[in-house]
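Reader: Hey, I've got a structure open and could use some help reading it. Can we go through it together?

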Amino acid sequence: MYLDIIFKVLGGLGIFLYGMDNMSSGMQKLAGKKLKRFLAILTTNRVVAILMGMFVTMLVQSSSVSTVMTIGFVNASLLTLKQALGVIFGANIGTTITGWILVLNIGKYGLPIVGAAAIAHMFLKGDKAKTRALTIMGLGMIFLGLELMSSGLKPVRSMPEFVRLFHMFSADTYFGVLKAALVGAMVTAIVQSSSATLGITITLAVQGLITYETAVALVLGENVGTTITAILATLKANVNAKRAAYAHTIINTFGVIWVTAVFPFYLRFLALFSNPEANMTMAIATAHTTFNVVNVIMFTPFIGYLADFLCKVVKDDGKVSDRKTKIDELMLKTSGVVVEQTKVEVGNMGKMIQIMFDEVKNMYSNSKNLTDDKIKDLRKIEDDLDLYQKEITDANFVILNNKDINNSLRRDIRNNLIVSDEYETISDYLLRIANGLKKLHDNAVFLTENEIEVVMSLHEKTNDFFKHIDRGYQEKNPILIKECVVDAKEVTSLYKSAKKNYMDHGIKEAATTMTTTNFMDIINFYRRVGDHLTNIIEGYTDK
């Protein structure tokens, strides 16, 4: 008897949790790159931030994921503290959608949903179709798990020892409410999923093992327990990210404090919207949503004050991040967000390379630009690009090692890695060109007008080649990139022509060893830049 109960409850809980994880990860994959775009439209308007937080959380089906992702954006300075608070408020409301999914009460259809989705997953072809099937299978597993738990707990209602155990957490007094809320908070903190503990709470209430009042008190505590995920995520984060996580805990904790203080009146207020005797699941889902909506309405006018308070209480630690990119390790749980942010960072690398092209061009046109400071500036850009490339590679390889990512995302990661790697190498050669020109200048050796004409034509053609490649990458246009093969051929042709002409005629014009060597090095460096741009074309062509 007892083994049967344990097996059903344990099996049902495992299937339920796995279903929640499957549905959440499936929704994240489907939302993918849209997540960052949604948060990118945030302004200082707190209402917009709240709506975006709601929408993103409803998409990924996890307030923990959206909150940690938001804190990651704060840690990377992509969001301000006030914007993050708005998103967190919205996430608290968005997570209540799980309760309303459970209101559907289609437990008996959970198994056929799982079966149909599993069969579809086996025979469907495209990544998106397979991900949709997995998401639906996760939904089916949620209902199947709840059905198994509910079935397993049925006999417990007639067992006096279990009834006495559950009555220990009855919310029939003020301290009983606090005790139940504390249990809800502790369980949620352990499993790190308010959706999971909400499902368990609903199952216990439907089977009559706990009262509706106790279920509501447990739900209150679950809202506090879920904030532990964000706190843990900020252990190595910057001070602003810590403030956002603390705000999440403060808001939910104060919400629970004021609701427990007026708990009987709160229950009467809930009675205006739902009746536990008619539909227990809907009544609990209503309580969950009502708490978060009311809490957000109460605290929204004070977002600015809360942010200022946290800035005063949680002092700056004086640490300055040495990271160049805004890719934060807290984002790694949301692959699509990292891929989108990587694209932005590679775009920044492109802008920095264009600055190097422009500075080198200025060195040809005016020798006054061949100063130690200019070379130092170019070296600083090249050093920064080294760090950009390292940070991009480190983050994207973490995601690339995730077997669950789809082929489309894998292709985007591959493109990002190829382009960032080649861009970093191109900056090395541009710096070498500048150093070569500086060496000639320092030794009072100057290129002839013919030589300047040759290297300028190579410079312009190579720069055009780079611009076309960069535009194709930014626009995600592989056709445009592949068409750059024409630029590649022109750069190679110019290089070969310059080399032949110089070998045939240039050396005869009383050229010194220094001018010969440096001139040949410079045109060779342009050829190498062209080779690395060609590598990008080949990277796209190989698919």
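Reader: Okay, is R528 buried or exposed, or partly exposed?
Author: R528 is partly exposed, with a relative accessible area of 26%. Here buried means under 20% relative accessible area, exposed means over 50%, and partly exposed is in between (1.4 Å probe, protein chains only).

Reader: Cool. Before I go on, what kind of model is this?
Author: This is a predicted model, where local features need pLDDT of at least 70, side-chain atom pairs count only at pLDDT 80 or more, and totals for chains, interfaces and linings use all residues. Residues are numbered from 1 along each chain as its sequence is written, and side-chain values use heavy atoms, with hydrogens and water left out.

Reader: Back to R528, then. What does R528 form a salt bridge with?
Author: With D531, and the closest N and O atoms are 3.0 Å apart. A salt bridge is a side-chain nitrogen of Lys or Arg within 4 Å of a carboxyl oxygen of Asp or Glu. D531 is partly exposed too, at 22% relative accessibility.

Reader: Where do R528 and D531 lie?
Author: Both are in helix 24 (residues 513-541), 3 residues apart, about one turn of the helix. Helices (H or I, at least four residues) and strands (E, at least two) are DSSP runs, numbered from the N terminus.

Reader: How many salt bridges does the structure hold?
Author: The structure holds 12. There's also a network of salt bridges that links K324, K380 and D384.

Reader: Which parts of the chain does the pair K361 and E460 link?
Author: Distant ones: K361 is in helix 18 and E460 in helix 21 (residues 449-474), 99 residues apart. Their closest N and O atoms are 2.9 Å apart in a salt bridge. K361 is partly exposed at 34% relative accessibility, and E460 is partly exposed at 29%.

Reader: And what about K374 and E359, how do their side chains meet?
Author: In a salt bridge, 3.4 Å from N to O. K374 lies in helix 19 (residues 372-400) and E359 in helix 18 (residues 335-365), so the pair ties together parts that are 15 residues apart in sequence.

Reader: New topic: is A434 buried or exposed?
Author: A434 is buried, at 0% relative accessibility. You'll find A434 in helix 20 (residues 407-442).

Reader: What does A434 touch?
Author: Leaving out residues up to four places away in sequence, A434 touches V360, M363, L370, I375 and L378. Contact means heavy atoms within 4.5 Å. A434 and V360 are 74 residues apart in sequence, but 6.1 Å apart in space, C-alpha to C-alpha.
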